[in-house]
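Reader: I would like a close look at one part of this model, namely the empty spaces inside the protein and the residues around them. Please take the enclosed spaces before the open ones.

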Amino acid sequence: MREATSGPLVLDVRGRPGPPPLRFVRARDGGPPTLHQGDRTLTRARWHGEGCCRELHLRRLPGHRSPLPPLRAASMRAPDADWRHRCARWLEDTPYGPLHDGRWSLTARTSFAPGIWTEDFVRDWPDTVLELLCGGGWHGVLPLRPLSPPDAPRVKAYRKHVRDGTLAPVLLWWVSFLDGWLILDGHDRAVAALAEGTEPACTVLARPPEEAEWRRTADAVAEGHAERMARLSERPAGPETERRRAALERGYADALATLPHDEAPTPLWPPADDA
């Protein structure tokens, strides 16, 4: 089921209790979770350091299967292509993806904070070190296979699509405990866009909070807003008070609008042989 919204495309997935084919598996010893696809392990990892500001020493293993089919040049040039709907259909049909019961969002994104696609885009393979900052995570982009060189034939073909404005977006998956994104599909498209001096357009897969959760938060936000407005009503009337009142109302409306689409935590699944 798909929910029509003015922003993200929201999928209401049912009948898939999990675990999904692509999933993060909890470590028994308190170590970092590992990424699995079917029976294949895609990452091995260990913590380094103490406290919350630790390093994640990560090794990616070969074998990642994209949840999207190969993209044809003609399909990328199709006018008015809504890649959110295309990716939704492919993710619903693939045997390699992360979907399981719950709400999922697909959001078109064309801009990122400075550094996401430069110093925080992991180019090394297979080993890397992610610096997880206290309260801020890592906030970068992690490929799941080696990156092709900018002059590889496929990348050169994609670079022409970049110049023509017809390059399909990169499919990213937001992972909460990394505070960053995995590339599920589009490694060569990402390299092509960066080689042409631009950030790749992306479709971002994430898990918005369940309705009961975000409504609890909305109730708390409403209570806080009512208290602030009550304090403001005690101030003398005038232009400054009205400006503050208008700013509070705008902030309140913006906060409520984003709550149903904020990212929920990425689930960690138990090891397959757990009792």
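Reader: What volume does the second largest cavity have?

Author: The second largest cavity has a volume of about 40 Å³, a volume being the space filled by probe spheres set on grid points that are joined across faces, edges and corners. The model is a predicted one, in which local features need pLDDT of at least 70 and side-chain atom pairs count only at pLDDT 80 or more, while totals for chains, interfaces and linings use all residues. Residues are numbered from 1 along each chain as its sequence is written, and side-chain values use heavy atoms, with hydrogens and water left out.

On a 1 Å grid over the protein atoms alone, a cavity is a set of points where a 1.4 Å probe fits but cannot get out, a pocket is an open set with protein on both sides within 12 Å along at least five of seven lines, and lining residues have an atom within 4 Å of a point.

The wall of the second largest cavity is made up of Pro 20, Leu 22, Arg 23, Phe 24, Pro 98, His 100, Trp 173, Thr 266, Pro 267 and Trp 269. Strand β3, residues 22-25, gives the most to this lining, with 3 residues; helices (H or I, at least four residues) and strands (E, at least two) are DSSP runs numbered from the N terminus. By class the lining of the second largest cavity divides into 7 nonpolar, 2 polar and 1 charged residue, where Ala, Val, Leu, Ile, Met, Phe, Trp, Tyr, Cys and Pro count as nonpolar, Asp, Glu, Lys and Arg as charged, and the others, Gly among them, as polar.

In all, the structure holds 2 cavities of 30 Å³ or more, and about 80 Å³ of space lies in the largest cavity. The residues lining the largest cavity are Phe 24, Pro 32, Pro 33, Leu 35, Thr 43, Ala 45, Leu 56, Leu 58, Leu 142, Phe 177, Leu 178 and Leu 182. Phe 24 is thus named in the lining of the largest cavity and also in that of the second largest cavity. The elements that give two or more residues to the lining of the largest cavity are strands β6 (43-48) and β7 (55-60). This lining has 11 nonpolar residues, 1 polar residue and no charged residue.

Turning to the open spaces, the largest pocket has a volume of about 310 Å³. Of the 16 residues that line the largest pocket, Ser 66, Arg 145, Asp 185, Gly 186 and Arg 189 lie nearest its centre. Helix α3, strand β12 (180-185) and helix α4 each supply at least two residues of this lining, and α4 gives the most, with 3 residues. The classes in the lining of the largest pocket come to 6 nonpolar, 4 polar and 6 charged residues.

The second largest pocket has a volume of about 230 Å³. It is lined by 13 residues, of which Arg 23, Val 25, His 36, Pro 271 and Ala 272 lie nearest its centre. Arg 23 is accordingly found in the lining of this pocket as well as in that of the second largest cavity. The lining of the second largest pocket contains 6 nonpolar, 2 polar and 5 charged residues.

A few backbone details complete the picture. Gly 18 and Pro 19 are joined by a cis peptide bond with omega of about 5°, and Pro 19 lies in the loop between β2 (9-13) and β3, the strand that gives the most to the lining of the second largest cavity. A cis peptide bond also runs from Trp 125 to Pro 126, with omega near 0°, and Pro 126 sits in the loop between β8 (102-109) and β9 (127-131). His 139 has a positive phi of about 70° although it is not a glycine, and its place is in the loop between β9 and β10 (141-142).
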